[in-house]
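Here's a walk through one protein chain, from its overall make-up to its cores, sheets and odd backbone spots. Have the model open as you read.

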Amino acid sequence: CGTGGALHWKITDDAPWISATPSSTLTNLLTNATQFVALHYDTSRLQDGTYQANLMVQSSTNTLPVTIRLVVHTPHPVLCNFTPKVDFGTMLPDEKNTQSFGLQNCGDAPLHYNFITPPWIHSASPQGILAAQQAGTIPFEIDPSSLTPGTYTPTLHITSDGGDATISATFQVLQSAELLPTQLDFGDRTQ
């Protein structure tokens with residue numbers, strides 16, 4: 001707002017990620033007239049963080065500093081709240097046991113995960129995707145038919161684009177019992 005006449009102005013900035021349109025007047029701006037200026041920003045070359053730019057609106061009568069603050073956040077998946085330990089219990093070699101593992105994506109972008117397990121631990125969904133803030137359970141089955149009796153403590157690995165983790169498992173395979181002889185004959189008993 002001036003006392004009369006035409007006003008010429010221009011905007012300069014000190015950051016490569018911001019620009020103004022128009023950046024100056026091509027014609028005279030008359031007294032009490034309004035000029036809208038659009039600010040454009042480009043975050044394609046910026047990493048996550050807070051950025052500041054200083055604009056100077058300069059005219060023949062005045063200089064006005066304007067500070068612009070920009071926060072850049074790229075969505076990321078985050079693997080969290082997974083089951084750290086599971087006990088499959090005790091089983092015979094011909095028995096199978098199923099337990100479920102829980103995991104969650106605490107991030108704000110889809111999480112792509114993959115379980116890496118020993119060959120005798122199986123899952124129908126060893127890999128998958130969890131949406132942002134989504135939790136899920138993945139069932140795993142142990143097939144001890146190829147294992148000798150004993151206690152096992154395998155580690156299951158989760159790899160993901162939101163971090164990696166391990167799950168400790170434990171179970172015991174018992175020795176199968178056999179009855180010998182397979183046929184018993186108590187003879188003929190009469191009283």
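## Ground rules

A contact here means heavy atoms within 4.5 Å. This is a predicted model, so to speak of local features we need pLDDT of at least 70, while side-chain atom pairs count only at pLDDT 80 or more and totals for chains, interfaces and linings use all residues. Residues are numbered from 1 along each chain as its sequence is written, and side-chain values use heavy atoms, with hydrogens and water left out.

## The chain at a glance

No helices to look for: the chain has 0 of them and 17 strands. Both kinds of element are DSSP runs numbered from the N terminus, helices being H or I over at least four residues and strands E over at least two. Of the contacts between residues at least 6 apart in sequence, 58% join residues at least 24 apart.

Buried residues account for 29% of the 191 in the chain. "Buried" is under 20% relative accessible area, "exposed" is over 50%, and "partly exposed" is in between, using a 1.4 Å probe and protein chains only. The chain exposes about 12,800 Å², with carbon and sulfur atoms supplying 52% of that; the areas come from the Shrake-Rupley method with a 1.4 Å probe, and for residues only the protein chains shown count as cover.

## Two nonpolar cores

A nonpolar core is a set of buried Ala, Val, Leu, Ile, Met, Phe, Trp, Tyr and Cys residues joined through side-chain atoms within 4.5 Å. The largest one has 24 residues, and F88, F115, F140 and F171 have the most contacts inside it. The elements that give it two or more residues are β9 (85-91), β10 (97-105), β11 (111-116), β14 (135-142), β16 (155-160) and β17 (165-173). β17 gives the most, with 5 residues.

A second, separate core has 12 residues, including W9, W17, I18 and L70. Back in the largest core, take a look around F140: leaving aside residues up to four places away in sequence, F140 touches F88, N97, T98, Q99, F101, F115, T117, I121, H122, S123 and L156.

## Aromatic company

A search of the whole structure turns up 10 aromatic pairs. Rings of Phe, Tyr and Trp (its six-membered ring) pair if their centres lie within 6.5 Å; planes under 30 degrees apart count as stacked, over 60 as edge-to-face and the rest as tilted. F115 and F140 have ring centres 4.8 Å apart and planes at 65°, so they make an edge-to-face pair. Since F115 lies in strand β11 and F140 in strand β14, the pair ties together parts that are 25 residues apart in sequence. F115 and F140 are both buried.

Now for Y152 and F171: their ring centres are 5.2 Å apart and their planes are at 10°, so this pair is stacked. Y152 lies in strand β15 (residues 150-152) and F171 in strand β17, so parts 19 residues apart in sequence are tied together by the pair. Both Y152 and F171 are buried. F88, F101, Y113, F115, W120, F140, Y152 and F171 form one aromatic cluster.

## Two open sheets

Strands pair if DSSP finds at least two bridges between them. One open sheet has 3 strands in the order β2-β6-β7, with antiparallel pairing. β2 (9-13) and β7 (63-72) sit at the edges with a single partner strand each, so one side of each is left without a neighbour in the sheet. Between β2 and β6 (residues 49-59) there are 5 bridges, and I11 stands opposite V57 in β6. β6 and β7 pair over 10 bridges, L55 stands opposite V66 in β7, and a hairpin joins β6 to β7 through 3 residues.

The other open sheet described here has 4 strands in the order β8-β10-β14-β12, again with antiparallel pairing. Its edge strands are β8 (79-80) and β12 (121-122), each pairing on one side only. β10 and β14 pair over 8 bridges, with F101 opposite I138 in β14.

## Backbone oddities

The peptide bond from T21 to P22 is cis, with omega near -10°. P22 lies in the loop between β3 (18-21) and β4 (29-30).

N81 has a positive phi of about 45° although it is not a glycine. Its loop runs between β8 and β9, and N81 counts as exposed, at 55% relative accessibility. Q133 is not a glycine either, yet has a positive phi of about 65°; Q133 is in the loop between β13 (127-130) and β14.
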